[in-house]
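Please look over the sequence and the structure shown here before reading on. The report is meant for someone who has not seen them before.

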Amino acid sequence: MKLLGFSEEFIPSKVLAVAKNYRAHVAEMGGTVPSEPQFFLKPPSSLLEDGGTMILPTCSGKVEHEVELAVVIGRRCHRLSDEEEAWSAILGYSVIVDVTARDLQAEARREGMPWTVAKGFDTFAPFGPCLTPAEELDPRCLAIWLTVNNQLRQTGSTADMVFSVPRLLIAISHVMTLEPMDVIATGTPEGVGPLEAGDQVEAGIEGIGTLRFLVARE
Ligand code: MG
């Protein structure tokens, strides 16, 4: 995929996504707020560039949107020791939609299986439209929203994150080495809902821009 501001192909070694990081979203899903950050992997092949078409897989009857602040890593880091070090590891910010096959996720939960399938289809991570450099944006209190066919579905503020951006990076870097260009989706506010073929989606974050994509049936 291409990312505005990058002349080369943008292929991160991994895309991470944080679960349950906004209280109101945890409540709408009927869960509990975790005491430590929870995160999982989405494959780099799930990334879809701005203006692309997200494909609904035939094996799912309930695919949902989750708009999230994306953090892009700027340098290799392992076991970040404090928040200052974590802030300095960030290259910039973008918008990502953590598309989720909710029925497959529920099935996986029931069977005690990982969420890999529910989160991992090609095009399940629309991303963009640009990278806002870390030195130009403070991500701690930004409006975040998502519309489907011009109807507002999600609206919130990054100020409502349970775990802050540096705390997420510290926790993740104690498990796996983060590499330059790695993408971290930092969790979604409330209002997640279904996507249907023909939908036009816009997802925005204050100070970054608006990501757009279409939805089509496989
Ligand atoms: Mg998510």
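The sections below describe a metal site, one of its residues, a pocket and a helix residue.

## The magnesium site

The model is a predicted one, and a magnesium ion is a good place to begin reading it. Three residues supply the protein donors of this ion, namely Glu66 and Glu68 through OE atoms and Asp98 through an OD atom, and these donors lie 2.0 to 2.1 Å from the metal. Along the chain the donors follow the spacing E-x1-E-x29-D. The pair Glu68 and Asp98 links distant parts of the chain, 30 residues apart, since Glu68 belongs to strand E6 (residues 67–73), whereas Asp98 sits in the loop between strand E7 (90–97) and strand E8 (100–101). Both Glu68 and Asp98 are buried.

## Asp98 and its surroundings

Asp98, found in the loop between E7 and E8, has a relative accessible area of 1%, and it counts as buried because this value is under the 20% limit. Its side chain makes a polar contact with the side chain of Lys119, at 2.8 Å.

When neighbours within four places in sequence are left aside, the residues in contact with Asp98 are Ala17, Phe40, Lys42, Glu64, His65, Glu66, Glu68, Lys119 and Phe124. Two members of this list, Glu66 and Glu68, are also donors of the magnesium ion.

## The largest pocket

The largest pocket has a volume of about 220 Å³. Its lining is made up of 20 residues, and those that lie nearest the centre of the pocket are Lys20, His25, Met29, Arg109 and Trp115. Strand E1 (15–19), helix H1 (23–28) and helix H3 (102–110) are the elements that give two or more residues to this lining, and H3 gives the most, with three residues.

By residue class, the lining of the largest pocket divides into six nonpolar, seven polar and seven charged residues.

## Asp103 in helix H3

Helix H3, which contributes to the lining of the largest pocket, also contains Asp103. Is Asp103 buried or exposed? Its relative accessibility is 26%, and Asp103 therefore counts as partly exposed, a class that lies between the limits of 20% and 50%.

Apart from neighbours within four places in sequence, Asp103 is in contact with Ser60, Gly61 and Lys62. Asp103 and Glu64 are 39 residues apart in sequence, and their C-alpha atoms are 9.6 Å apart in space. Glu64 is also one of the residues in contact with Asp98.

How values were computed. Residues numbered from 1 in each chain as written. Predicted model: local features only at pLDDT ≥ 70, side-chain atom pairs only at ≥ 80, totals over all residues. Heavy atoms only, no water. Donors = N, O, S within 2.8 Å, 3.2 Å for Na, K, Ca; no water. Helix = DSSP H or I, 4+ residues; strand = E, 2+ residues; numbered from the N terminus. Buried < 20%, exposed > 50% of the residue type's maximum accessible area, 1.4 Å probe, protein only. 1 Å grid on protein atoms, 1.4 Å probe; cavity = no way out; pocket = protein on both sides within 12 Å on 5 of 7 lines; lining within 4 Å. Points joined across faces, edges and corners; volume = space filled by probe spheres on them. Nonpolar A, V, L, I, M, F, W, Y, C, P; charged D, E, K, R; others polar. Polar contact = N/O pair within 3.5 Å; in protein donor to acceptor, adjacent residues only side chain to side chain. Contact = heavy atoms within 4.5 Å.
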